[in-house]
Amino acid sequence: MTHSHFIIHKPYGYLSQFIYELKRKKKLLGELYDFPKGTMAIGRLDEDSEGLLLLTTDGMMSEIIRSRKVDKEYYVQVDGIIHQEAIDELQKGVEIGFNGTKYITKPCKASMINEVPAFGARGKKIRDERHGPTSWASITVNEGKFRQVRKMTAAVGFPTLRLVRVRIGNVHLHDLQAGEVKEVENFQTEF
């Protein structure tokens, strides 16, 4: 059987799924492209997060990518000017809440980003400049707890205002625009 694989730049405001049966109308991935039957997201991004998402019709491929400790890199815009001490704390691991208990995140890679990434405007305005300065950081994790990166930046005093996943393993977002979908032969060579 031949499978299909896709790289997508999930826009802000979309769910990382194809079916939503609750009452409120939500934007779903199937609105962005005519995906073949059986396409599934490998992992997820929150409705208010953006960036790289991998999709496939191959359940085994999905399991391989999700089960490995694959690096996921995020660019985060935070409230305030993040400093090296906060970056150092993130790298060592910070305490966050997860499933009602305290959890110490695994050590990760983190760094400040000095130039504003060229992602373009988000679907919803974040806030205006009179509310204070913002800054950007790169955080690379290989675990994926619920809203983990947002909780990590908040734990060091810099709440996340915008979160964009830019890399999964060796697959990069590059210049894929929000809502753009690219079909690829496979992900096997990327991990």
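Student: Which salt bridge involves Asp-48 and Arg-150, and how far apart are N and O?
Tutor: The side chains of Asp-48 and Arg-150 meet in a salt bridge, with 3.7 Å from N to O. Keep in mind that this is a predicted model.

Student: What network are Asp-48 and Arg-150 linked in?
Tutor: A network of salt bridges links Asp-46, Asp-48, Arg-147 and Arg-150.

Student: Take Asp-48 with Arg-147. What's the distance between the closest N and O atoms?
Tutor: The closest N and O atoms of Asp-48 and Arg-147 are 3.4 Å apart, and the two form a salt bridge. Asp-48 sits in the loop between strand 4 and strand 5, and Arg-147 in the loop between strand 10 and helix 3, so the pair ties together parts that are 99 residues apart in sequence.

Student: And Arg-147 with Asp-46: what is the distance there?
Tutor: For the salt bridge of Arg-147 with Asp-46, the closest N and O atoms are 3.0 Å apart. This pair also links distant parts of the chain, 101 residues apart, with Asp-46 in the loop between strand 4 and strand 5.

Student: Why does Asp-48 count as partly exposed?
Tutor: Asp-48 has 24% relative accessibility, so it counts as partly exposed; the class runs from 20% to 50%. Arg-147, at 29%, is partly exposed, and Asp-46 is partly exposed with a relative accessible area of 22%.

Student: Where does Arg-150 stand, buried or exposed?
Tutor: Arg-150 is one of the buried residues of helix 3, which covers residues 148-155. The others are Gln-148, Val-149, Met-152 and Thr-153.

Student: What do the buried residues of helix 3 pack against?
Tutor: They pack against helix 2 (84-92) and against four strands: strand 6 (72-79), strand 7 (95-98), strand 10 (134-141) and strand 11 (160-168). Just after helix 3 comes Gly-157, with a positive phi of about 90°.

Student: Zooming out, what are the domains?
Tutor: The domain assignment gives domain 1 as 5-67 + 172-184 and domain 2 as 72-168. Their C-alpha centres lie 21 Å apart. In the contact, domain 1 takes part with 13 residues and domain 2 with 15 residues.

Student: How much area do domain 1 and domain 2 bury between them?
Tutor: About 1,300 Å² is buried between domain 1 and domain 2, and 48% of it is on carbon and sulfur atoms. On the domain 1 side, Tyr-12, Glu-50 and Leu-52 supply 42% of the area buried against domain 2, more than any other three residues.

Student: How many salt bridges and polar contacts run between the domains?
Tutor: Between domain 1 and domain 2 there are four salt bridges. The count of residue pairs in polar contact is nine, with both residues at pLDDT 80 or more. Strand 5, residues 50-56, gives the most to the side of domain 1 that touches domain 2, with five residues. The residues of that side divide into six nonpolar, three polar and four charged.

Student: And how many salt bridges does the structure hold?
Tutor: The structure holds seven salt bridges. One of them joins the side chains of Lys-26 and Glu-47, at 3.1 Å from N to O. Lys-26 is in the loop between strand 2 (14-15) and strand 3 (27-28) and Glu-47 in the loop between strand 4 (40-42) and strand 5, so the pair ties together parts that are 21 residues apart in sequence.

Student: Is Lys-26 buried or exposed?
Tutor: Lys-26 counts as buried, at 13% relative accessibility. Glu-47 is partly exposed, with a relative accessible area of 30%.

Student: New topic, backbone angles. What is the phi of Asn-99?
Tutor: Asn-99 has a positive phi of about 55° although it is not a glycine. Asn-99 lies in the loop between strand 7 and strand 8, and is exposed with a relative accessible area of 70%.

Student: What about the phi of His-174?
Tutor: His-174 is not a glycine either, yet has a positive phi of about 50°. His-174 lies in the loop between strand 12 (171-172) and strand 13 (181-184) and counts as exposed at 66% relative accessibility.

Student: Last one: where does Pro-107 lie?
Tutor: Pro-107 lies in the loop between strand 8 (101-104) and strand 9 (109-113). Pro-107 is exposed, with a relative accessible area of 63%. Leaving aside neighbours within four places in sequence, Pro-107 is in contact with Gln-91, Lys-92 and Gly-93.

Conventions: Residues numbered from 1 in each chain as written. Heavy atoms only, no water. Domains from an automatic or database assignment. Contact = heavy atoms within 4.5 Å. Buried area = accessible area lost by both parts, 1.4 Å probe. Polar contact = N/O pair within 3.5 Å; in protein donor to acceptor, adjacent residues only side chain to side chain. Helix = DSSP H or I, 4+ residues; strand = E, 2+ residues; numbered from the N terminus. Nonpolar A, V, L, I, M, F, W, Y, C, P; charged D, E, K, R; others polar. Buried < 20%, exposed > 50% of the residue type's maximum accessible area, 1.4 Å probe, protein only.
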